[in-house]
Amino acid sequence: FAVELLTALLFLAIWQSFSWQVAIAYWIFVSFLVVGTFIDFEHFIIPDRVTIGGIIAGVVVSVTVPALMDTDSRLAAGVRSLLAAALGYVLLLLVLEAGKIAFGKKRICFDAPTPFTWTKREDDADFVVGSEKSLWSDHFAREKDRLLLQCVEAKIDNHPYAGVTLEFHYDRVDVEGRVLPLDHVTQISGVARSLLIPREAMGRGDLKFLAAIGAFLGWRAVLFSVFAGSLLGSIIGLITLVVGKRVWAAKLPFGPYLAFGAVSWMFLGDTFLRWYGGWLNP
C-alpha cells in the first residue's frame with residue numbers, strides 16, 4: 001500500500017507542477033525511483049533492471065523531451081543526459097574507492113570465544129557468527145576481498161584444527177598452508193576469537209542509480225542528490241544510533257536518500273539555485 005500511495009502522491013504533485021510533456025517524463029522517472037527505493041530498503045540492493053533500465057530510459061526520454069536538459073536540441077539533450085549519467089557513476093565510484101581505502105576492513109574482537117558456522121547452500125552459503133546470520137556473498141564485493149577468522153578450534157567437514165587462522169576468499173579457504181576450494185566443502189564450524197571482514201562504502205547499484213538520476217535530471221541534480229542524500233542519510237543514521245535502533249556496523253541503504261535528493265531537486269531545484277546564487281552574491 002505504501003508504494004502505491006507514494007507513487008500516486010508523486011504523480012499528482014508532478015502533474016500539477018509541470019507541463020504535460022515533462023510530467024509524463026517525470027512519471028517514468030519516479031517510477032524507477034520508487035521501485036529502487038523500496039527494494040533497497042528491504043534487500044540492500046538495487047537491481048540492474050532498475051538502474052540500467054533507468055539510465056536507458058533517462059537518455060531516451062531526454063531526447064524525446066529536450067526540456068529536461070534545458071535545451072531545444074534533441075541531440076544536445078541526449079549528449080547532456082549521457083554526460084550527466086557518466087558524472088553520477090564516476091562521482092560515486094571515486095567515493096566508493098576512497099571509502100574502500102579508508103574503511104575497507106573491520107576487525108571484531110569477541111569478549112568471549114564465539115561459535116561460528118559456514119554452511120553451503122546451493123550457489124551461496126549461510127555464515128553464522130554467534131547470533132548474527134548473513135549470506136556469504138554479502139561479504140565479498142571484490143575478487144581480492146578476504147575474511148579472516150582467528151579460531152580457538154575449527155572443523156572443516158570432518159577435519160579438526162586447533163588454534164588456526166582461517167583465511168577466506170569467496171571461493172576458497174586457506175588453512176595451515178592448504179588451499180581448499182569451498183565448492184568441495186559442505187560445512188565449516190568452530191569457535192573464534194576475532195573476525196576481520198571486508199566492507200564497502202556502498203554498493204555498486206548506488207553508482208548506477210545516481211547515473212540514472214543524472215540521465216533524467218542532468219548534472220546539477222547529480223551533485224545536489226549526492227549532497228542532500230548524504231546529509232539526510234547522516235542525520236537518519238545518527239538518530240537511529242542514538243535511539244539504539246542500529247549499531248555502527250549495520251548497513252544503511254544509500255539509494256533511498258539519493259532518491260530523496262533527486263525528488264527534492266525535481267521540485268525545488270530552481271528555488272535552491274536562486275537561493276544559492278543570492279547567498280554567493282548578496
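This is a short tour of the domains, salt bridges and empty spaces in a predicted model.

**Stop 1: the two domains**

Start by colouring the protein chain by domain. Select 1-102 together with 203-280 for domain 1. Then select 105-197 for domain 2. The domain assignment thus builds domain 1 from two stretches of the chain. Put a marker at the centre of each domain, using C-alpha atoms; the two centres are 37 Å apart.

Now look at where the domains touch. Domain 1 gives six residues to the contact, and domain 2 gives four. About 400 Å² is buried between domain 1 and domain 2. Carbon and sulfur atoms make up 37% of that area.

**Stop 2: salt bridges**

How many salt bridges run between domain 1 and domain 2? The count is two. Next, select E97 and R142 and show their side chains. They form a salt bridge, with 3.1 Å between the closest N and O atoms. E97 falls within the 1-102 part of domain 1, and R142 falls within domain 2.

Side chains of opposite charge can pair when their charged atoms come close. Across the structure there are eleven salt bridges. For another one, select K208 and D48. Their side chains meet with an N to O distance of 2.5 Å. Why is this pair worth a stop? K208 sits in helix α5 and D48 in helix α3 (residues 48-64), so the salt bridge ties together parts that are 160 residues apart in sequence.

**Stop 3: the cavity**

Rolling a probe the size of a water molecule over the atoms shows where empty space is left. One cavity of 30 Å³ or more is counted here. The volume of the largest cavity is about 40 Å³.

To find the largest cavity, select F29, F32, L33, G54, F209, A212, I213 and F216, which line it. Colour α2 and α5 next: each supplies at least two of the lining residues. The largest share comes from α5, with four residues. Which classes make up this lining? Seven residues are nonpolar, one is polar and none is charged.

**Stop 4: the second largest pocket**

Move on to the second largest pocket, with a volume of about 460 Å³. Select L68, D70, L217, R220 and W265, the lining residues nearest its centre. In total, 21 residues line this pocket.

Now show the helices around the second largest pocket. At least two lining residues come from each of these:

- α2 (20-43)
- α4 (74-103)
- α5 (204-217)
- α6 (219-242)
- α7 (255-280)

Which helix gives the largest share of the lining? Helix α7 does, with six residues. Finish by colouring the lining of the second largest pocket by class: 15 residues are nonpolar, two are polar and four are charged.

Terms used
Residues are numbered from 1 along each chain as its sequence is written. This is a predicted model: local features need pLDDT of at least 70, side-chain atom pairs count only at pLDDT 80 or more; totals for chains, interfaces and linings use all residues. Side-chain values use heavy atoms; hydrogens and water are left out. On a 1 Å grid over the protein atoms alone, a cavity is a set of points where a 1.4 Å probe fits but cannot get out, and a pocket is an open set with protein on both sides within 12 Å along at least five of seven lines; lining residues have an atom within 4 Å of a point. Grid points are joined across faces, edges and corners, and a volume is the space filled by probe spheres set on the points. Ala, Val, Leu, Ile, Met, Phe, Trp, Tyr, Cys and Pro count as nonpolar, Asp, Glu, Lys and Arg as charged, and the others, Gly among them, as polar. Domain bounds come from an automatic or database domain assignment. Contact means heavy atoms within 4.5 Å. Buried area is the accessible area (1.4 Å probe) that two parts lose on being put together, summed over both. A salt bridge is a side-chain nitrogen of Lys or Arg within 4 Å of a carboxyl oxygen of Asp or Glu.
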